[in-house]
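Notebook open, structure on screen. I want to see how the sheet is put together before I look at anything else.

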Amino acid sequence: MQAFAQEGVALNESTPLQNLERLAQETQGLQPDSAVKWQARAELRPRAGVDDDVWLHLAAEATVPLTCQRCMGVVETPVEVDQWYRFVATEDIAMAEDDQSEEDLLVMEPQFDLLAVLEDELLMALPLVPMHEQCPVTPKLQVGEADMAAEPDSGKKPNPFAVLAQLKVKK
Ligand SMILES: [Zn+2]
């Protein structure tokens with residue numbers, strides 16, 4: 001990471017959403033070619049008396065197919081990440097400095113996993129309750145709507161199979 005920062009080059013990558021397993025689990029109808037476009041750039045910032053700080057900027061853009069909590073259809077949700085991080089040497093320093101730092105802190109580790117950081121940010125950027133601004137008309141699935149509207153803040157995803165079971169009974 002230090003060398004990466006010294007070179008000052010930006011990484012421009014595209015990573016299939018399927019490769020980000022935790023994120024992929026949140027999606028519905030993920031296309032094989034769905035990808036997150038991301039850019040990472042590190043830089044050194046001098047600090048008096050000590051080694052230069054290594055900072056990292058991460059920016060990403062993706063469109064993630066989530067389950068609309070009103071109609072249970074797929075809602076293509078744009079997700080963006082734009083975040084600065086500062087590297088610190090140890091977990092202890094990160095814990096100690098986290099409160100007074102506006103930027104996020106990352107621990108400098110040999111096995112530092114940039115994709116895991118990217119995935120964390122994307123997961124945090126997902127809406128809690130994904131929903132169409134206006135749901136497409138899908139009469140078949142609207143039976144479950146009343147139940148779902150009753151507890152909009154539960155944050156719990158209705159089980160799609162439960163909804164299907166309900167439809168069966170009411171037919
Ligand atoms: Zn919807």
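I started with the sheet. This is a predicted model, and in it five strands form an open sheet with mixed pairing. Reading across, I get the order β1-β2-β3-β4-β5.

Next I asked myself: which strands stand at the edges? They are β1 (10-16) and β5 (104-107). Each has a single partner strand, so one side of each is left without a neighbour in the sheet.

I also looked up the twist, and from one strand to the next it averages 30°.

Then I went to the β1 end. β1 runs antiparallel to β2 (residues 35-47), and seven bridges join the two. I picked one residue to follow across: Ser 14 has Lys 37 in β2 as its bridge partner.

What packs on the sheet? I found helix α3 (residues 91-98) there, touching β4 (74-88) and β5. The direction of α3 makes about 170° with that of β5.

After that I stepped back to the whole chain. I count six helices and five strands in the protein. From the N terminus on, I read the elements as α-β-α-β-β-β-α-β-α-α-α.

Two totals to finish the page. How much of the protein is buried? Of its 171 residues, 17% are buried. For contacts, I took those with a separation of 6 or more: residues 24 or more positions apart account for 57% of them.

Note on methods:
Residues numbered from 1 in each chain as written. Predicted model: local features only at pLDDT ≥ 70, side-chain atom pairs only at ≥ 80, totals over all residues. Helix = DSSP H or I, 4+ residues; strand = E, 2+ residues; numbered from the N terminus. Buried ≥ 20, exposed ≤ 12 C-beta atoms within 10 Å, placed from the backbone. Contact = placed C-beta atoms within 7 Å. Pairing = 2+ DSSP bridges. Axes fitted to C-alpha atoms, helices over the stretch in contact; angles between N-to-C directions.
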